[in-house]
Amino acid sequence: MTLTESTETDTVLEITEAALGEILALRDAESIEGLTLGVRIAGVGYNGFIYETAFIKPDDINPEDHHEQHGDLPVAIPQDSVDNLRGSVLDLGGDPAAPGLVLRNPNPPTPAGDPLDLGELELEGTVEERVAQLLERAINPAIAAHGGVATLDHVDGDTAYLVLGGGCQGCGLAAMTLRQGIETAIKQHIPEILHVEDVTDHSAGVNPYY
């Protein structure tokens, strides 16, 4: 794993060269110039922190955020996420055939993080009904604070197809939120589901979360 070099003396986040290349390719596909990568902790789920990433337009950058530069990629991290993200590595991982962005964080959530107690959820009904209940009761409350919402489109065999809306729609980095937060929770609590796919029309979305 080769890491990029940040030009900042106070580096919070490391980015591997593979992840940096993927992010820059996604950014270059956007129609807006000068986009910054935003990374934040949205909440705490059953399996740890839930992360949100987005491309931020120049006019929407918060000067109070922590800013660091990784090659050609500027990165902004809200101050309330800095301590819990410090030392994390953004990399490519998951399915080797279709790797996605993953964030490896050495910092465990604290009790003050207001975790979602997914372990006590009682899900009933068909697979579709249980997926919908999990989204409504646990996942959406976590991502709603920053404008995101996830809904079930349909289930086909062992695969759940989701539509991401609000702050998650229109973001080229939505796959990271899907894999690290939503997909993990669904697969843990609904064992019939082995795969989760994003079928959002991201071309219809707007710039997320700031």
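Okay, so by a contact I mean heavy atoms within 4.5 Å. Keep that in your head, because what I'm showing you today is a predicted model, and contacts are how I'll start reading it. Take the contacts in the protein chain between residues at least 6 apart in sequence: 62% of them join residues at least 24 apart.

Let's do the overview. The protein chain has 210 residues, and buried ones make up 46% of them. About 10100 Å² of the chain is exposed, with carbon and sulfur atoms supplying 48% of that. If you count up the pieces, you get four helices and ten strands. Going along the sequence, the pattern reads β-α-β-β-β-β-α-β-β-α-β-β-α-β.

Now, how confident is the predictor? The mean pLDDT of the chain is 78, and 70% of the residues reach 70 or more. Some parts do worse. Over residues 111-117 the pLDDT stays under 50, and the model has nine contacts for that stretch beyond four places in sequence. Residues 167-172 are also below 50, and that stretch has 26 contacts beyond near neighbours in sequence.

Right, on to the part I'd like you to find on the screen: an open sheet. Three strands form it, in the order β1-β6-β7, and the pairing is mixed. Strands β1 and β7 are the edges, each pairing on one side only. From one strand to the next, the twist averages 30 degrees. Helix α1, residues 17-28, packs on this sheet and touches β1, β6 and β7. The direction of α1 makes about 75 degrees with that of β6.

So what makes the pairing mixed? Look at β6 from each side. With strand β1, residues 13-15, the pairing is parallel, over three bridges. One spot to click on is Leu13, whose bridge partner in β6 is Ser88. With strand β7, residues 100-104, β6 pairs in the antiparallel sense over five bridges. There you can look for Leu90, which stands opposite Leu103 in β7. Another pair to look for is Gly93 with its bridge partner Gly100, also in β7.

Last thing, and here's one for you: why is strand β6 described as largely enclosed by the rest of the structure? Well, β6 covers residues 88-93, and five of its six residues are buried, so the rest of the structure largely encloses it. Buried here means under 20% relative accessible area.

That's my tour, thanks for listening!

Key
Residues numbered from 1 in each chain as written. Predicted model: local features only at pLDDT ≥ 70, side-chain atom pairs only at ≥ 80, totals over all residues. Heavy atoms only, no water. Helix = DSSP H or I, 4+ residues; strand = E, 2+ residues; numbered from the N terminus. Buried < 20%, exposed > 50% of the residue type's maximum accessible area, 1.4 Å probe, protein only. Areas by Shrake-Rupley, 256 points an atom, 1.4 Å probe, with all protein chains shown as cover. Pairing = 2+ DSSP bridges. pLDDT = per-residue confidence, 0-100. Axes fitted to C-alpha atoms, helices over the stretch in contact; angles between N-to-C directions.
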